[in-house]
Amino acid sequence: MNRPDATAVAAAIRSGALRAVDHARATLDAIDTANPGLNAYHEVFHESALEAAAAIDALIAAGRDPGPLAGVCVAVKDNIATTVGQTTCSSRMLEGYRSPFDATVVTRLRAAGAVIVGKTNMDEFAMGSSSETCAWGVVRNPHDPSRTPGGSSGGSAAAMAAGLCDLSLGSDTGGSIRQPAAFCGIVGLKPTYGRISRWGLVAFGSSLDQIGPFATTVRDVALAYGVMAGVDAHDSTSAAMPVDDWQSTPPTDAGALRVGVPSQYLRNNDPAVTEALDRALGLLRAAGATIVDVDLPMTDHGISTYYVIAPAEASSNLARFDGIRYGHRAAQRAGEGLEDLYARSRSEGFGAEVQRRIMLGTYVLSSGYYDAYYDRALRIRRLIKQEFDTAFARCDVILGPTAPTAAFTIGGVTDPMQMYMNDVYTVNTNIAGIAGISLPGGVDRSSGHALPVGLHLQAPAFAESRLLRVSELLERLLSA
Amino acid sequence: MPRMATTQTPEITSTRLIIGLEIHIELATRTKMFTRAPNVAHPSRYDSAPNTLVDPLVMALPGALPVMNRRAVEMSMKVGLALGCSIARRCRWDRKNYYYPDLPKGYQISQYDRPLCTDGAWELAGSGRRIGIIRAHLEEDTGKLGHELPGGLDYAGSLVDLNRAGTPLLEVVTAPDFTTADEVVQFAQELRDLCRYLRVTEGIMQKGHMRFEPNVNLALTLDDGREVRTPVVEVKNLNSFRSLKGAIEHEAIRQVEAWQADGRVMGRGMKATRGWDDVRLVTVLQREKEDAHDYRYFPDPDLVWVEVDEAWLARVREELVELPGSRAQRYVGPWGLARKDADQLLAEPDLSDFFEACVAAAGGAPAAAAAIAKLLLNVGMKHANERQKPLHLAGITPAQVAGLMALRDEGTVNAGSADALFGMLCDSDDEPRAAAERSGMVIVRDDRALDAWVDAALAANAQAADDLRAGKMAAMGRIMGHVMKSSGGTVDAKTVQARVMERVGKGA
């Protein structure tokens, strides 16, 4: 786990001090050794990774600019399309599926010199908070293999935390980057909705989904974010807002910083989580920051709103997996019609949680229920946005815990509702479409293991530079 | 089951048809509604092999996203404006969810409660009857299912062709304002013409560029004074004017018989869907109840709102052209064309445009128009057909046509030469006068030369000369033929005739 961060790796490779091929080979060796115990990767691209690394070395030898991510080894969540390997979303439905196109983020990362080393396991179709719904087996937390790395981007978080890549990609629909970052003790950024193109991200909840990076340092997530962010003609919902270089924003002046803390974020947390938050607040206050009480009463409605909007969109987004053109198709039985083919292909291809959400989403969109559920959820969504607007008029960032607990044990949470509550602090970021980041904030030793605890910072839409600068400050204060 | 013949059964004293029409128009954009894959409804792609006009979005591959084709929206705005509709300043896209193998995404992107065009009206030519347009909205077409392999061999399973999937489809919905099948057909034809003139489709019915779905029922007046209405029937997917007319006329009879048999009247959940059997010429029941489907419409989160600002609307307004109805009035009115000629010119938007360009090149005087029309239809069409091209692409330019007309009007060339000259100009960029001179087509005004040709002709055809002297004018043809031949056609026929009569001593 003692790897230099991606920024340092890129600098070493760009300067010629480290060969990209050697670095890639070392990374692949580390994966081969550690992955069987973690199941972070579903697929490792030994050949294409070394080829890409050799190409970077060739560019450098030729005196050409290999890009800001030269030779940086990146792990990609398996719901992001890559022309190398499969794109399965950890679902039997897409077993063996190969995408003929790369996601925009993958194209941009490659163009910046990144080396894609493999695809990581996840909750099936990103539906889960523990990576236990993965069709290819559970993912284990590097800090305690009996525990989950969180989810849905558990594989990417575990790979990052275990030093099996320099950067990794996740997707966050309700907390799927930030909660695993917290559970694995790394940094995870969920940018503003529309900041990063969704072209090539297999849709779950289209109005909530956003791709983001995992890294061990704030400067690394900033580096990856800078490469991936910006408008894309392939995604109508990508924002035409210019992406400013976060370093062109001056470092945060702690004396002028207003940190909002909602009272709603202070209840029901494990003692270690409360302790970590208190410590962070103490450090910020000592550095001169003003702690502001803000009120986010809609926090408690986030999960209910989310579990109407996300499944509704998912029920429609996942309709394309019908066994007709690609993906799992049930063996044909005599006398069966088209409806049976659909029903059996989907029943066999999708796991229980995915089926539960498709049914939930289908129900809330049904005629007669639309107004009571979906339309009402949209109205609450507007209220949640307004609530954040009001809060951000009084503070620069909002601080709280990423999750109420540290990583739980595999199989430890069996009630779906209890599992859903993991995202209580993170879903509203997606519902409001604003930016959020999880930073390692402390350690929970109550179980005998040293389990990371995450701190969650939120900033207004398109204020990533501010969010990253404050994160950098907090990172420095916490490490001092 | 025999109908109970009781004295209480009221008799029908009169019936009135009530018809509304939904029309699907495939827009001939270069690319599809939400992706850059080529559009099968564009003339350059009509005959594409199955499943060649596809890409990740058309195939609904995981991770593919839709991006709106602005041109399709503009075409829809043009049709909407031509139909007198209001254009929404903001409209959005909804998903209509259902499963079918020709629908790759499992939903169709459409406009449910915020359509682009609303509240228009269309006046039928002649009768002036006003047909309300409730709305016109954009959506995407589905693929096609077939059971035939390319080349026509039967296939036991189902085959999916996704070439049509994602083609922009404009759905126009009229109010139930029609009372006869003929009115519906007239409207359908006028709408087709309108769309062709606006260049949003070539309107080839056999290719499914337009598909009709009439909603039909009857108001029955009974001898006890009551009026009852039969259940509404929607006839799906009619792709010819003949089937549109046939389906409505069949429903007009069938619904009377159905009411007499079961007494069912219009009401909630009573709407049925029927198809048209083109062989038996009857409608066939497809689905009994309208609410069998729940499409779970909701706003498509992959697409943003369509914002129509004044500048965009103004640009589209500028693209609007004069519609055929108005052109027809101008042609037969101030321009003095025969109705038949006007109709022939208006049958093709390109021909009508070419004709008007010729009239403009000739100075735009209404008086010239009728003669130009005759030239184009009688002479021009022949040369175009010989070249197997439409007239506007035959090679002659409006300026050349105008020049040719001028030569003819001033008597520089005769009718026969004008015909030949038209053909020559189709194949060259020459200025008409220069071409006529170079080809020796300019009429010879030299009396001595003329007399020599006439005398030679009379000498060579003594019998014909005698006949003329005897007043048998039919003999003129032989003489004329001879003169035309020896002069190479460069004489004016009237002048020659007068000269001949003089020479045979019958001159005026």
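At what angle do helix α5 (residues 324-332) of chain B and helix α6 (residues 339-346) of chain B pack, and how far apart are their axes? The legends below begin with this pair and then turn to other parts of the predicted model.

**Figure 1. Helices α5 and α6 of chain B pack against each other.** The angle between α5(B) and α6(B) is about 145°, and their axes are 9 Å apart. Their crossing is right-handed. From α5(B), the residues in the contact are Pro324(B), Arg327(B), Ala328(B), Tyr331(B) and Val332(B). They meet Arg339(B), Ala342(B), Leu345(B) and Leu346(B) of α6(B). Sorted by class, this contact has 7 nonpolar and 2 charged residues, with no polar residues.

**Figure 2. Helices α2 and α3 of chain B pack at an angle of about 155°.** Helix α2 covers residues 181-197 of chain B, and helix α3 covers residues 241-262 of chain B. The axes of the two helices are 9 Å apart. Because angles over 145 degrees count as roughly antiparallel, α2(B) is roughly antiparallel to α3(B). The crossing in which α2(B) passes α3(B) is right-handed. On the α2(B) side, the contact is made by Ala181(B), Asp182(B), Val184(B), Val185(B), Ala188(B), Gln189(B) and Arg192(B). On the α3(B) side are Phe241(B), Leu244(B), Lys245(B), Ile248(B) and Glu249(B). The contact of α2(B) with α3(B) has 7 nonpolar, 1 polar and 4 charged residues. When looking at the residues of a helix in contact, recall that an α-helix has 3.6 residues a turn, so residues three or four places apart point the same way.

**Figure 3. Arg192(B) lies in helix α2 of chain B.** Among the residues of α2(B) that meet α3(B) is Arg192(B). Leaving out residues up to four places away in sequence, Arg192(B) touches Glu202(B), Gly203(B), Met205(B), Met210(B) and Phe241(B). Of these, Phe241(B) belongs to α3(B). Leu391(B) is 199 residues from Arg192(B) along the chain, and the C-alpha atoms of these two residues are separated by 21 Å.

**Figure 4. Helices α12 and α15 of chain B pack at an angle of about 60°.** Helix α12 runs over residues 447-460 of chain B, helix α15 runs over residues 493-503 of chain B, and their axes are 10 Å apart. The two helices are therefore oblique to each other. The crossing of α12(B) past α15(B) is right-handed. In α12(B), the residues in the contact are Leu450(B), Asp451(B), Val454(B), Asp455(B) and Leu458(B). In α15(B), they are Thr495(B), Val496(B), Arg499(B), Val500(B) and Arg503(B). By class, there are 5 nonpolar, 1 polar and 4 charged residues in the contact of α12(B) with α15(B).

**Figure 5. The buried residues of α15(B) include Val496(B).** The others are Arg499(B), Val500(B) and Met501(B). The cover over these buried residues includes α12, α13 (462-469) and α14 (476-487) of chain B. Val496(B), Arg499(B) and Val500(B) are also among the residues of α15(B) in contact with α12(B). After α15(B) comes Gly505(B), whose phi is positive, near 80°.

**Figure 6. Asn428(A) sits in helix α14 (residues 427-432) of chain A.** Is Asn428(A) buried or exposed? Buried means under 20% relative accessible area, so Asn428(A), at 4% relative accessibility, counts as buried. Apart from neighbours within four places in sequence, Asn428(A) is in contact with Met298(A), Thr299(A), Gly302(A), Ile384(A) and Phe388(A).

**Figure 7. Chain A, the setting of the view of Asn428(A), has 15 helices and 11 strands.** The radius of gyration of chain A is 21 Å, which agrees with the value near 23 Å for a compact globule of 480 residues. Along its principal axes, the C-alpha trace of chain A spans about 75 × 60 × 50 Å. Of the 480 residues in chain A, 62% are buried. Among contacts in chain A with a separation of 6 or more, 76% are between residues 24 or more positions apart.

**Figure 8. Chain B, the setting of the helix pairs, has 15 helices and 17 strands.** The radius of gyration of chain B is 31 Å, well over the 23 Å given by the globule rule for 508 residues, so chain B is more spread out than a compact globule. Its C-alpha atoms fill a box of roughly 90 × 70 × 50 Å along the principal axes. In chain B, 51% of the 508 residues count as buried.

Technical notes: Residues are numbered from 1 along each chain as its sequence is written. Chains are lettered from A and ligands numbered from 1 in the order in which they are written. This is a predicted model: local features need pLDDT of at least 70, side-chain atom pairs count only at pLDDT 80 or more; totals for chains, interfaces and linings use all residues. Side-chain values use heavy atoms; hydrogens and water are left out. Axes are lines fitted to C-alpha atoms, for helices over the stretch in contact, and angles run from 0 to 180 degrees between N-to-C directions. Helices (H or I, at least four residues) and strands (E, at least two) are DSSP runs, numbered from the N terminus. Angles under 35 degrees count as roughly parallel, over 145 as roughly antiparallel, 65 to 115 as roughly perpendicular and the rest as oblique. A crossing is left-handed if the near helix is turned anticlockwise from the far one by less than a right angle, and right-handed if clockwise. Contact means heavy atoms within 4.5 Å. Ala, Val, Leu, Ile, Met, Phe, Trp, Tyr, Cys and Pro count as nonpolar, Asp, Glu, Lys and Arg as charged, and the others, Gly among them, as polar. Buried means under 20% relative accessible area, exposed over 50%, partly exposed in between (1.4 Å probe, protein chains only). The radius of gyration is taken over C-alpha atoms; the globule rule is 2.2 Å times the number of residues to the power 0.38.
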